[in-house]
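I open this notebook to record what I looked up, one topic at a time.

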Amino acid sequence: MPTRVFGEPIKRAEDPRLLTGRGRYVDDIDLPGQLHVAFLRSPLAHARIRSIDVSAARDMPGVVAVWTYAEIGPCQRRMPLLIPHPDLTHPFTRYALAKDEVNHVGEPVAMVIAESRYLAEDAVEAITVEWEELPVVVDIERAVQPGAPLVHEELGTNVAAHYVGIVGDPEDAFSRAAHVFRERLVIERSAGMPIETRAIVAVWNEVEGVLEVWDTTQAPIVIRNALAALFGLAPTQVRVVAPDVGGGFGCKIMVYPEEVLIPYAALTLRRPVKWTEDRLEHFVGTNHERLQIHDAEIAVDADGHILGIRDRFLHDAGAYTPYGIIVPIITACQLPGPYKVPNYHVEFRAVYSNTVPVSPYRGAGRPHAAFVMERLLDRVADALGLDRAEVRRRNFIQPHEFPYDVGLIFQDGAPTRYDSGNYPGMLELLLQQMDYDRLVREELPRLRAEGRFVGVGIACYIEGTGIGPYEGATVRVEPTGQVYVATGMPQQGQAHKTILAQIVAQELQVPFEAVQVYEGDTAHFQFGSGTYASRSAVVCGSAVALAARKVREQGLQLAAEELEVAVEDLVVEDGRVFVRGAPERGFTWGQLAQLANPLRYAYAGDLVVRPRPWTGPTLPPGKQPTLEATEYYSPPHATWASGAVGVVVEVDIETGQLLFRNLWVVHDCGTVINPLVVEGQIHGGIAQGIGGAFYEKLHYDENGQLLNASFVDFLIPTAKEIPWMQVTHQETPSPLNPLGVKGVGEAGAIPTPAVVAAAVEDALRSFGVRITRVPLDPDQLWRMTHPETS
Amino acid sequence: MTAVGTERRTIRVVVNGVAYERDVEVRLLLSDFLRHELGLTGTHVGCEHGVCGACTVLFDGEPVRSCLLIAVQADGHVIETVEGLAVDETELHPLQRAFWEKHGLQCGYCTPGMLMVLKAFLTEHPDPTEEEVREAISGNLCRCTGYQKIVEAALYAAQLMRQSRE
Amino acid sequence: MKPPRFRYYVPHSVEEALAVLAEAAEEAKPLAGGQSLIPMLNMRLVRPSLLVDLNGLQELSGIELSDGAIVVRAMTRHRAVEQSPVVAEHAPLLAEAIRWVGHLPIRTRGTIGGSVAHADPAAELPGVLVALEGMVQLRSQRGHRLVSAEDFFIDLLTTAAEPDELVTEVRFPLLPAGTGTAWLEVARRHGDYALVGVGAVVSLAEDFTTIAEARVSLIGVGGRPVRARLTESALRGQPAAAESWRAAAATVRREIDPAGDIHASAEYRRYVAGVLTERALALAAERAQEGARR
């Protein structure tokens, strides 16, 4: 029997190193002669630089150089616009070091390069800047008003993009609706906040003539290409490695100023240079996400069937748009969720403000979309006297309706087309897990009769995952029998080394331990884009599967030739290729790799290479001296994962404290490669979603100062705040890719703010409150329940 | 009077059973000393203001934030870090085994801090409840796992450690 | 986030520490547990030119019962207080509140003296000290003095200690028989500084049903721990029953003047101070009755 590795809860290949302190994160790298960088960052949200005096800083002990915009040579260009969009009519990106103006607190203004970080920080304090303060705009509703201060005077507007998407005939739908409900819904500013901050080490390797860069990036190939272009080097003269990376959640995919400045310093000074962001810098120097303000309305018939949705929203872009308008585009396209919305008008303006720029954070516009859609459906259910589950049932896209076209163009430029799913099945499975009927009919009423404010919420979601453009992989069987796998994707904890090895082990029927996966290093793989948008398992996993299958064919072909049998007579099992029914007639994979190479192996050991009569070139045309294949996979469009979440909460109305009593998830990411890893992804996403529902908000004041730029005041939930999560899998394979898989990275983060809002609203039903803003907090819950006192 | 105190100081410290003597700047944080002077980079730094817990090490057997001590305070003391946790090259500590088996880590960045605080905790609480484990790790932030599998791993490690004592 | 330059000195005795502090005056900062000082150094919010490390001074460590009080010497770690049987038996309010201080790896380093000297208005220990009408011993080369908690805490991070004075011990007076205590607080996350915290002390008259004396101390509602004097006097002689606690909640809300911040408004804090006062008083009274029954 073939051994099954794919789909099994295999222990991770990554872990022994990480558990014993032998991980290698960027800040762990100390090179001889290494210099350290600290940045002077803008203390003001909007100002012109009149003058900078770095002379005192240059004279400080241990200081090697102090650079402002004037000293950064090829880095004097504006940072790249990574993802343009036709509707992004007013893009704007920064300079690596501010040239003459700063647009948010934290913007890099000058850099000190010194013998230690301590000395570099000392010197930063000795730099003096003469500022001319400019008017600040933080509130995006104000930013779109006439006469508001302009973030970028030269643009003449704070509106970076205006997008309109229309499906069907929304006006008609609203005119014939039995009911129309409107809500203003707000999801506040937050950030990914990985526990490892960003870090870069760069060195010009004189021996090899290569610029070597270790970077906490989610996209090393993108950085490599950017650096090669910027410094006029051949791509092979730049090696970018994302080694172990301590979490990313989106904010580590970018080309940040530091990512070009540190390599430039290494090139210029010909010494290794390190910069490790500290936590205070991270709060104001690494991208944020989340703030959107939606004015949404839903039109339904008398039975609660959706006729149409109209949504107009403002999206806070922050001070620059280096990542285009990906986040609000995703919100717009995913807002209909798993429901049939025949008529849909969505419109947004992406608005500049004097705050840290916005780019995707786990969920990337989807939590916003789910919050709007699920809140609207709860409103419909409550107003029509329907159970909240029932209104969802009535509006689901049915399993036979796939592929299903939403009618809008998705983030990847392809149609928003759902490939497969079983939404009714997923909800029923959830309700069954929750024992929903008993919960609603018996348990909650009993608790309420005791005077407790308990409530239940459910929310459903979909997630476009596994988008293009493509990823690739090389799979090679080594003469030692080990299998080498290389991809361009780095990981930040998603277990690529494990799941990709599972795929290869399954295809070649070799032990999981025999497969070694190399990732995140441009010396190993040259093409690809990176780890983001829940795409690694789908896109990279598929490329790995295709390459492994090709190697399998090569092995079968070679074995057939050597054994003089037909390929059809061979089986692949137990790490060997052999004749069906005659296991002794065959080769191990290592032996096949040796046979493929007409060289003699000094230490081959287990294979006697037969002398062969001369028949021509040792390596005939079309043959390669290895079992090796490189394949690329480019999805036709996204594959759509889905899920449903249920939660029971209790509110202490006297203190506004929120207690999670139970939490259930049903998740469908198609074929599961490793259930442990999938569960881990969902747990982590849910925890971040709970953060977004009750804890995590970045508070800016009207002057653009971030008021809670520390872990004391930005409230990442601890183990005490996160409840036990009951996860159940439903598997609806994707028809789009060779493995049937769908992405799972962002799943948990998507429905959680919506489901918490729903449950809290249910708990506080007797107060007639509607939850329209997340995150909630104790103060808000107390106000809702004590209108007379507050 | 002449200035009291010095800006540098020679310290002797035992880390994972190895005695070190180093001359250091007095402002050097213990976390930086362990990582960049001794090369023990298993101890991670996440916030440098004592909230995230990634830099937790054992100081005379008790869990402390190494970012909230200056290295000179370790003079004459005994430090344990994640590098000292495994019994030897081949035999992992029960906590490490449990974290591996239960998928108690993803990016691995908070993991050393979690392991060290749990090592101290499980020594005092060999048979903890789930709530007690959550309390014990509540000073260590994890952004990947949602904590559930860490809690499972801690409970499992406690079980392994009890069994090995029997 | 690296500390600015400073000098560092390890005194061999309290006397020597006091001499150094007297000499260096405002330039120097004593280093106790460092759990508040080091973050401030890392953020470069404070710039002492000299740190005087008290951690080696054994004479500043220890807990003992003396003169009707639990005397906790300044360099005693929170953890030692948390694990002390003497504290558990004689100062249950302190034992209960100390578990709310940060997290385990903070409590292993943080010291009682450091916490009191730092005087964060949302910190538990100052609140307990005020509730128990404790005393702070200050020493300098000029001598020593005992300052009542009430007089010691002046405002946000401001105390009655002079720059050359060291907090050397903290005294938590024992409570009379028939007294119960309770510590309750609400924080955003487990281990965070309190949004509001309340320490309640209820002494019952001999009938076990009348309040002989009650004390309420609040944290997070002002620049320093606040003693709710009006509430306390209104409770004296009242029945130890729900309506008294409810009335106390109302009085306490009138009596305090909290400020708001990003985590909670002034109105919320005012309201919740009442809620926690009511709950803490009820719990303290229940414990007093339980104690009496035993």
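**Entry 1, chain A overall.** I began with the secondary structure of chain A, which comes to 19 helices and 29 strands. I keep in mind throughout that this is a predicted model.

I then asked how far chain A extends, and found that its C-alpha atoms fill a box of roughly 95 × 70 × 50 Å along the principal axes. The radius of gyration of chain A is 28 Å, and because a compact globule with 790 residues would have a value near 28 Å, the two agree.

I looked up burial next: of the 790 residues in chain A, 60% are buried. I also looked at contacts in chain A between residues at least 6 apart in sequence, and noted that 81% of these join residues at least 24 apart.

**Entry 2, the core.** Which residues have the most contacts inside the largest nonpolar core? I found A:V112, A:V504 and A:V544 named there, in a core that has 432 residues.

I followed A:V544 further and, leaving aside its neighbours within four places in sequence, listed its contacts as A:A473, A:V475, A:V485, A:T487, A:L500, A:I503 and A:V504. A:V504 therefore appears twice in my notes, once among the residues with the most contacts inside the core and once as a contact of A:V544.**Entry 3, domains of chain A.** The domain assignment divides chain A into domain 1 (31-134 + 196-246 + 252-285), domain 2 (292-467 + 636-785) and domain 3 (468-633). I looked up how domain 2 and domain 3 of chain A meet, and found 20 residues of domain 2 in contact with 19 residues of domain 3. On the domain 2 side of this contact, I noted nine nonpolar, seven polar and four charged residues. The centres of these two domains of chain A, taken over C-alpha atoms, are separated by 41 Å.

**Entry 4, chain A against chain B.** How many residues does each chain give to the contact? I noted 42 residues from chain B and 41 residues from chain A. On the chain B side, the elements that give two or more residues are α2 (94-101), α3 (111-124), α4 (130-136) and α5 (148-165) of chain B. The largest share, four residues, comes from α2(B). By residue type, the side of chain B that touches chain A divides into 19 nonpolar, 15 polar and eight charged residues.

**Entry 5, chain C.** I closed with the domain assignment of chain C, which gives domain 1 (7-53), domain 2 (62-173) and domain 3 (179-289). Between the centres of domain 1 and domain 3 of chain C, taken over C-alpha atoms, I noted a separation of 36 Å.

Note on methods. Residues are numbered from 1 along each chain as its sequence is written. Chains are lettered from A and ligands numbered from 1 in the order in which they are written. This is a predicted model: local features need pLDDT of at least 70, side-chain atom pairs count only at pLDDT 80 or more; totals for chains, interfaces and linings use all residues. A nonpolar core is a set of buried Ala, Val, Leu, Ile, Met, Phe, Trp, Tyr and Cys residues joined through C-beta atoms within 7 Å. A residue is buried if 20 or more other C-beta atoms lie within 10 Å of its own, exposed if 12 or fewer, and partly exposed in between; C-beta atoms are placed from the backbone. Two residues are in contact if their C-beta atoms, placed from the backbone, lie within 7 Å. The radius of gyration is taken over C-alpha atoms; the globule rule is 2.2 Å times the number of residues to the power 0.38. Domain bounds come from an automatic or database domain assignment. Ala, Val, Leu, Ile, Met, Phe, Trp, Tyr, Cys and Pro count as nonpolar, Asp, Glu, Lys and Arg as charged, and the others, Gly among them, as polar.
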